Amino acid sequence: MDLDALKNQFRSLPLLLTPSSVQGKTYIVTGSNIGLGLECSRHLACLGAGKVVLAVRDTKAKGPAAKQDLIKSLPSIPNLESVIEVWHLDMSSNASVTSFVSRAEQELSRIDAVVLNAATATGDWEEAEGMESTVHVNVFATIMLVVLLVPVLREKYEAQKRKKGMKGEGVEMPRITVVSSSLGFVRRDDLEKMAVARDDGRNVLRDLSDKTKWGIGGTNRYALSKLLETVILNYLLTNTTFPSPQPTSHPAPFPLGTTSVIINYINPGLCKTGLLRYSSIATWIQVTILRLLVGQTAEWGSRNLLHGIAGDESTHGRYLSYCRLKGEDVPEWVTAEDGRAWGELLWKELREEMERVVPGCTGRVAKG
Ligand SMILES: NC(=O)c1ccc[n+]([C@@H]2O[C@H](COP(=O)([O-])OP(=O)(O)OC[C@H]3O[C@@H](n4cnc5c(N)ncnc54)[C@H](OP(=O)(O)O)[C@@H]3O)[C@@H](O)[C@H]2O)c1
């Protein structure tokens with residue numbers, strides 16, 4: 001952690017949503033039975049959201065317990081029993097991801113924002129749908145949710161505008177906020193290693209799931225998954241480096257004009273959550289010591305998630321950190337041509353895989 005990040009850990013963060021900006025709106029928060037997702041949901045419920053969907057993989061025990069925790073902690077907020085809903089979403093299963101999105105499409109009349117917060121940081125080599133599970137959950141399933149949700153959010157936004165009449169003034173563009181991490185920026189060397197597979201003409205994502213070449217390595221795999229998330233989203237959503245725009249030969253397929261959904265990604269800072277509960281003891285001890293020294297509460301971290309939801313059009317394709325839009329927080333090797341070339345290649349591979357799961361899905365992200 002560099003000095004800048006260290007200083008940021010001790011900043012007080014603003015609460016960027018207000019009751020008037022939240023009241024009556026519908027939100028989905030993934031991985032919201034615990035940690036940052038739970039605290040983000042608590043804020044949304046407290047601010048008067050019309051519906052908060054807790055998208056969790058355990059709907060028998062953890063999901064209902066989280067709902068009761070929220071209700072108990074907010075005794076003055078009415079109707080939380082019906083406002084908060086617990087829905088099943090297991091991102092290690094493609095069938096679960098697709099049925100979750102179908103349910104959202106069918107059952108929710110509006111979706112104002114989705115916070116893609118769920119992530120795994122396992123210490124074991126596990127596989128999901130033929131991929132190493134960290135790559136599958138944190139990269140493939142997260143980006144697939146973006147791909148499947150954009151047309152759904154856009155359609156509901158257009159319907160809201162039609163209902164309102166005229167030009168739909170006052171209806172806000174929906175948001176998708178992906179919870180990423182600055183930790184990924186320490187894994188630049190992994191790109192060198194991935195270049196071997198790329199230069200041999202092999203599928204890089206498949207190569208990352210080859211246990212004989214790669215390991216979990218403490219938090220290395222988790223960190224790499226967060227790097228890949230950032231590299232891919234940066235390429236997909238914005239054509240320019242920031243803050244000083246440079247021309248690119250890898251144009252973004254989904255700038256804001258094509259999505260009508262504001263998509264940004266955030267770094268929540270280092271927070272005392274249970275994120276490493278599935279990691280090795282050695283990793284857990286190491287990170288717990290760091291957290292005891294400079295870690296913040298999950299509530300503090302959740303303010304970054306709310307900043308993502310509050311972000312206006314200028315945040316599309318941008319990395320938000322400590323409640324600020326600060327492009328220089330992303331290393332140039334991510335946003336400049338090399339990073340964009342990686343984003344393009346990884347997107348090509350993800351797209352092929354997604355098309356296998358839901359034919360035609362990637363063609364529906366940009367409006368026709
Ligand atoms: N805490 C930090 O210092 C920190 C720093 C930077 C970034 N982040 C990011 O912040 C986000 C939230 O992390 P957190 O710290 O709040 O950790 P957390 O308390 O462990 O929350 C992670 C959530 O993701 C869920 N999840 C894991 N695998 C899943 C799957 N296959 N399908 C669906 N849900 C799944 C977990 O469900 P279960 O409870 O069932 O396991 C849990 O609800 C993550 O994206 C993380 O990378 C955290």
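These legends describe views of a predicted model of a protein chain with a ligand.

**Figure 1. The whole protein chain.** The chain holds 15 helices and ten strands. Its C-alpha trace spans about 55 × 50 × 40 Å along the principal axes. For 368 residues, a compact globule would have a radius of gyration near 21 Å. The value for this chain is 19 Å, which agrees.

**Figure 2. Burial and contacts within the chain.** Of the 368 residues, 47% count as buried. Contacts tell of links along the sequence. Take those between residues at least 6 apart in sequence: 78% of them join residues at least 24 apart.

**Figure 3. The shell around the ligand.** The ligand is surrounded by 27 residues. Five of them come nearest: Gly 31, Gly 35, Ala 119, Ser 181 and Thr 273. By type, the shell divides into 13 nonpolar, ten polar and four charged residues.

**Figure 4. Helix α3 beside the ligand.** Helix α3 covers residues 35-46. This helix gives the largest share of the shell around the ligand, three residues. Gly 35, one of the residues that come nearest to the ligand, falls within the range of α3.

**Figure 5. Helix α8 and the glycine after it.** Helix α8 runs over residues 188-199, twelve in number. At 1.5 Å a residue, α8 should span 16 Å. The C-alpha atoms at its ends are 17 Å apart, so the span agrees with that expectation. Gly 201 follows α8. The phi of Gly 201 is positive, near 75 degrees.

Notes. Residues are numbered from 1 along each chain as its sequence is written. This is a predicted model: local features need pLDDT of at least 70, side-chain atom pairs count only at pLDDT 80 or more; totals for chains, interfaces and linings use all residues. A residue is near a molecule or strand if its C-beta atom, placed from the backbone, lies within 6 Å of it. Helices (H or I, at least four residues) and strands (E, at least two) are DSSP runs, numbered from the N terminus. Ala, Val, Leu, Ile, Met, Phe, Trp, Tyr, Cys and Pro count as nonpolar, Asp, Glu, Lys and Arg as charged, and the others, Gly among them, as polar. The expected span of a helix is 1.5 Å times one less than its number of residues. The radius of gyration is taken over C-alpha atoms; the globule rule is 2.2 Å times the number of residues to the power 0.38. A residue is buried if 20 or more other C-beta atoms lie within 10 Å of its own, exposed if 12 or fewer, and partly exposed in between; C-beta atoms are placed from the backbone. Two residues are in contact if their C-beta atoms, placed from the backbone, lie within 7 Å.
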